[in-house]
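Me: I should like to learn how to read individual features of a structure, beginning with single residues and ending with the sheet. Please give the general idea each time, and then the case at hand.

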Amino acid sequence: MSTNSLPRSFIMQSIAPLSESFEIKQDRINRQIQLTKQYSLPIVLVTSYLPVELGNKPYNKTIFNTALGRVEEKLELLGMKALARQFTHQSTGTEALLVIKSLDSKAIKKAMIEIESNHALGQFMNIDVFDEKGKSTSRNSCKLAPRTHIFRKKNALFVASSKKADVESIDKMIHSLL
């Protein structure tokens, strides 16, 4: 279906959130770059991992706060701590950038994957790790398989663009876990 056959209001509603999401992501990248230049240490990014349609649900804050608490607990268990914290509250949800006193971004990434994999709400948490040069520390770089989509069991990189049925199923699942 071409965009010419879609109602203008639908097209405008679709474009606005995309441009806003792009601006939010660009702002985060700029803050990450600044923190990397200032500290030259790994950075942990904590957000919720939900489709865009669920970004404004009240449980988004619960998921974020739970993720942040687990991240800080896990870092403490590893003898690491956050030297600096930046929080932003956007229409897409809350996010935190934590500068970690450590040079082992792979150990941090593996610990964060444990949280995403083992916590009841972990599949709705997004915990990314960047090394002291600002490069993303991927699951692949830690010799781990990619994250899978909660329902389709495929690579989850694009879970936010999931079908409406998935969005409804995710919403129901979150309510059942809270």
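Me: Is Thr-88 buried or exposed?

Reply: Burial is judged from relative accessible area, with under 20% counting as buried. In this predicted model, Thr-88 has a relative accessible area of 12%, so Thr-88 is buried. Thr-88 is placed in strand 2, residues 82-90.

Me: Which residues does Thr-88 touch, not counting residues up to four places away in sequence?

Reply: With that exclusion, Thr-88 touches Arg-31, Gly-93, Thr-94 and Glu-95. With Arg-31 there is also a polar contact, made side chain to side chain at 3.5 Å.

Me: How should Ser-40 be read, as buried or partly exposed?

Reply: The partly exposed class lies between the buried limit of 20% and the exposed limit of 50%. Ser-40 has 41% relative accessibility and therefore counts as partly exposed. Its place is in the loop between helix 1 (8-39) and strand 1. The backbone of Ser-40 also deserves attention: phi is positive, about 50°, although Ser-40 is not a glycine.

Me: What is the order of the strands in the sheet?

Reply: The order across a sheet is read from the pairing of strands, not from their numbering. Here an open sheet of five strands has the order 2-3-1-4-5, and the pairing is antiparallel. Strand 2 and strand 5 each have a single partner strand and stand at the edges, so one side of each lacks a neighbour in the sheet.

Me: Which strands are joined to strand 4, and by how many bridges?

Reply: Six bridges join strand 4 to strand 1 (residues 43-48), and the two run antiparallel. Within this pair, Leu-45 stands opposite Asp-128 of strand 4. Two bridges join strand 4 to strand 5 (residues 136-137), again antiparallel; there, Phe-130 has Ser-136 as its bridge partner.

Me: How many residues lie between strand 4 and strand 5 in their hairpin?

Reply: Five residues lie between the two strands of this hairpin. One residue in the turn, Gly-134, has a positive phi of about 95°.

Me: How many residues of strand 4 are buried, and what should one bear in mind about the faces of a sheet?

Reply: In a regular strand, side chains alternate between the two faces of the sheet. Strand 4 (residues 125-130) is mostly covered, with five of its six residues buried. Helix 3 (residues 105-118) lies across strand 1, strand 3 (93-100), strand 4 and strand 5. The helix runs at about 175° to strand 4.

Key
Residues are numbered from 1 along each chain as its sequence is written. This is a predicted model: local features need pLDDT of at least 70, side-chain atom pairs count only at pLDDT 80 or more; totals for chains, interfaces and linings use all residues. Side-chain values use heavy atoms; hydrogens and water are left out. Buried means under 20% relative accessible area, exposed over 50%, partly exposed in between (1.4 Å probe, protein chains only). Helices (H or I, at least four residues) and strands (E, at least two) are DSSP runs, numbered from the N terminus. Two strands pair if DSSP finds at least two bridges between them. A polar contact is a pair of N or O atoms within 3.5 Å; within protein, one must be able to donate a hydrogen and the other to accept it, and residues adjacent in sequence count only if both atoms are side-chain atoms. Contact means heavy atoms within 4.5 Å. Axes are lines fitted to C-alpha atoms, for helices over the stretch in contact, and angles run from 0 to 180 degrees between N-to-C directions.
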